[in-house]
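Student: I have a protein model open and would like to work through how its parts fit together. Could we start with a pair of helices?

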Amino acid sequence: MRRDASADASRLPVHGDYDLLARALQASSDAIAISRLEDGCLLEVNDACLRMIGYAREEVIGRSFMELGVWADPADRTRLIHALEHDEPLDPIQVSIRSKSGEVRLVELAAQLIEMGGSRFIFALGRDIGDRRPLEGQLRASEERYRALAETSPDAVVVADLDLRITVVNEQTVELYGASGSDALIGRSVFDFIAPEDWNLAAEGAGRTLETGSLRGLRLTLVKRDGSRYQGELSASLIRGVDGKPVALLGVVRDITERLLVERELRLTHDLALSIGAAATVDEGIQVALREICERTGWVFGQAWRRSGEGSPLELSATYVLAQERHPDGDGAYRALASADALTSVVSTHRPEWWPDPSAMDGVSRRNAALDLGLAAGLAFPVMAGGDVVAVLEFFFRHRREEDRRFLDVVSTVASQVGSLIGRKAAEEELRKSQNLYRLVLENSLDLITVLDPGGRILYASPSHRRILGYSHGNLLQLPMADLVHVDDRPAFQEAIGQMLSGMQRLIPSLRLRDSDGYWLVVESQGVAIFDDGGRPEMLLVGSRDLTERRRTEEHLRLAEHRYRTLVEQVPAITYTDALDDKMTTLYISPQVESILGYTPAQWIGSTHFWFEHLDPRDRERAMADYRRGRDSGQPFETEYRMRASDGRLVWLRDSGVIVRGREGTSALIHGILSDITEVKRAEQDLERALSIEREAAQRLRMLDEMKNMFLRAASHELKTPITISRGHLEVLGPHPQPSEVKEAIGVVVDELARMGRIVDDITTLVRMDDPSFLRLQPVDLETFLSEVRTKARPLLGDRLRYRPISRGSVQADPQRLTQALVNLLHNAAMHTKGTKVEFGVEEEPRMWRFEVSDSGDGMPAGAEERLFQPFQRADTSGAGSGLGLAIVRGIAAAHGGSAGVENRPGEGATFWIRIPR
């Protein structure tokens, strides 16, 4: 039965404010309804609510939603009323409503129970969210696509929101940063992983990405979890939502630290190679090697030993002393180190010998001479030629120095250059071997990443397709991937596609792909399908990697055979015919000379000495000698040299010639081919880079393992001591101990257990320092903070404590952790000073606050400064403390983005400091 609308509405106790309330309700874009709790009668609704349910106002007022059938599921209303009547917390809920036309819509509903005039009313606000779920599904699908792509990338991949907070990372990112898992990175600002000095550069890069949509090759200094820094190269892209608006940033980071170090070393070795190569004699080349290494690496003294002939003993041939290291008695003072007997091991083993200190050197006189000259480290390196030691290079350093792999690499390169002066052919053979090794290392590091539509057509092909298969992204776009697959492998490939579409992740152990030259590359492929919210496959992600080094070598062998056939059939090189005379008169040269060197055949043939004049002066003597050797012997010859092209470039050429004899058996002509090998020569530098990176990685792994073992041994020792003391006091108690003995033993055991607890607490603090929740940052007033620290430290130092107050200033920090660090420093000062004054305070620096604790005690032994901040390290052997306090201080400082250290004044005291960003 319909109620009287006007009579019901008059019961709403809003009186004179009713018009104002009505206007406010109508102004809302959300649906609003007011009803009585007891019967659900509607007293007021706004226009947005009427549009949502499809009724006119006169059809609604005075009736309930239950009468109108608006509740698609009456249980939703029951749940709502129960929560309101029992005053239960009620967050916005999702309910289904039915409009007058029968359409069911999803609504987000918020409601509140209000009392007016002694009656209770329900104030409800609803928002149509029916269009939100498709967008959320598309967003999840987009995130899944980015996550799948990221996990197949060999580089670190990070997705961040527009506030530069990390939302997605791949496993390579976790491994590069050194985190325990991706959860340690999600939600953090990208600036947490960038060195502060590069924050502005990173912010500019982010702005450029938002403006242009992409960023390529931005170099930044990045920070790992342990505080170490490395050089990274960042490329970024803008991610847009379905409405075309920016929603996130995708960044790809590659660690290029090793690459930069290798580049610097290669520049050094390259310069050395040029200097030695330009030397006129072997002795001059050796002198250049000694000078360049000492001047550019800081080794103070170098000397060289050389054989005058095969089987002859080593003789001193050259020395060099840095100018600032000249001895008052002249360079002759270093002659005391000249003892060929000390080189017996180097000559017999063909291996370098490193002496970290004089005591490791052979020969008493040689050790004494090194000590007299103040030398503390040495190296002897053999120079090889033809499998024999033909010379030895020695270098000496002013300070103790453990074996340095990088310096050995530099000396190895120099020794190779010196050896090439003595035995050129042996060096060339080693170069060819290292070139082949480089190709294998480089090619095995490349992966193919391909994105397909459900029909198997290529949507995306990574740049490695060009390097491996010879195709660009444009060549492959919309091409069925099956077209690249060998016909015999297509059934297995199509079967794998079907399994991926059914939701399986499929591994294809062997698949042959055709490259742009028509040959086949054997790869191992793994693919997975990406589905939308409806369970329909949107795309397929396929990652492919070369199956084995052997098969890769076979593919390159076939490629070499193909190139050879192309050479024979099309001659993509310069062919020539020369008269067999001293002028090397050219009778014919092919047109390819113009595309390779920029000269026309007429220019070449028109000048009698054209070849000789354009030959690089450094290569003329060697090239002419190889030519005359072939001419005089009548045998085929091959040589390599550089020529100046018409545009000024230096082009490396391999000259392969054969002698064609006349009818009477005399040599008449030379037929030859000039091949451009410039890129091959450049590859030699890349090989050295790859090998150096491999050696550095192995060294780093060894260092990390040693650090782990040291920490475990030290922790075991520190915990074992209180256990041993406690056990000893308990074991001495007899079967009927006296109460005083029991009390004494219990006291000792309790003290030792407390000591063990402090050690465990300190270890736990060290472990938690990498946890993002370790710090709780807040603004800290420095004056109040330092006053509280002084109060806590006074029982430790009493009247010995001096405090430098500060009248202004604040810092964003965790006050509890910062207090812990400063109290540790004050406790350390109290333990290791004897009655002297201890002063603490804070100093203002350009971008930092420097907290200091200074004492005027005895200081510490020289060289102990850095060791003190390592876990379980102490300045003396007294055994006081756990050896973790200063390590915790440094960890707390690093967690704040700062640092900690000490200024040692042996015999006068020390100043320990913590720097925190302002």
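Tutor: Certainly. This is a predicted model. In it, Arg 817, Leu 818, Gln 820, Ala 821, Asn 824 and Leu 825 of helix H27 meet Gly 885, Leu 886, Ile 888, Val 889 and Ile 892 of helix H28.

Student: What classes of residue are in the contact of H27 with H28?

Tutor: That contact has seven nonpolar residues, three polar ones and one charged one.

Student: And at what angle do the axes of H27 and H28 cross?

Tutor: Two packed helices are described by the angle between their axes and the distance between the axes. For H27 (residues 815-832) and H28 (residues 885-895), the axes cross at roughly 145 degrees and come within 9 Å. The crossing of H27 past H28 is left-handed.

Student: How does helix H26 pack with H27?

Tutor: H26, which covers residues 782-797, packs with H27 at an angle of about 35 degrees, and their axes are 10 Å apart. Here the crossing is right-handed.

Student: Which residues make that contact?

Tutor: From H26 they include Phe 785, Leu 786 and Val 789, and from H27 they include Leu 818, Leu 822 and Val 823. By class, the contact of H26 with H27 divides into 12 nonpolar, two polar and one charged residues.

Student: Changing topic: which residues touch the most other members of the largest nonpolar core?

Tutor: Leu 337 and Phe 395 do, in a core of 52 residues. Strand E15 (residues 388-397) gives the largest share of this core, with eight residues.

Student: What is Phe 395 in contact with, leaving aside its neighbours within four places in sequence?

Tutor: Its contacts include Leu 290, Ile 293, Cys 294, Trp 299, Phe 407 and Val 411. Another core, of 42 residues, lies apart from the largest one, and Leu 818, Trp 849, Phe 851 and Ile 892 are among its members.

Student: You mentioned Cys 294. Is it buried or exposed?

Tutor: Cys 294 has a relative accessible area of 0%, so it is buried. Cys 49 also counts as buried, because its relative accessibility is 5%, and the cut-off for buried is under 20%.

Student: How many disulfides are there in the whole structure?

Tutor: A search of the whole structure finds zero. A disulfide is a covalent bond between the sulfur atoms of two cysteines.

Student: Finally, how many helices and strands does the protein have?

Tutor: There are 28 helices and 32 strands. Of the 918 residues in the protein, 41% are buried.

Terms used. Residues are numbered from 1 along each chain as its sequence is written. This is a predicted model: local features need pLDDT of at least 70, side-chain atom pairs count only at pLDDT 80 or more; totals for chains, interfaces and linings use all residues. Side-chain values use heavy atoms; hydrogens and water are left out. Axes are lines fitted to C-alpha atoms, for helices over the stretch in contact, and angles run from 0 to 180 degrees between N-to-C directions. Helices (H or I, at least four residues) and strands (E, at least two) are DSSP runs, numbered from the N terminus. A crossing is left-handed if the near helix is turned anticlockwise from the far one by less than a right angle, and right-handed if clockwise. Contact means heavy atoms within 4.5 Å. Ala, Val, Leu, Ile, Met, Phe, Trp, Tyr, Cys and Pro count as nonpolar, Asp, Glu, Lys and Arg as charged, and the others, Gly among them, as polar. A nonpolar core is a set of buried Ala, Val, Leu, Ile, Met, Phe, Trp, Tyr and Cys residues joined through side-chain atoms within 4.5 Å. Buried means under 20% relative accessible area, exposed over 50%, partly exposed in between (1.4 Å probe, protein chains only). A disulfide is a pair of cysteine sulfur atoms within 2.5 Å.
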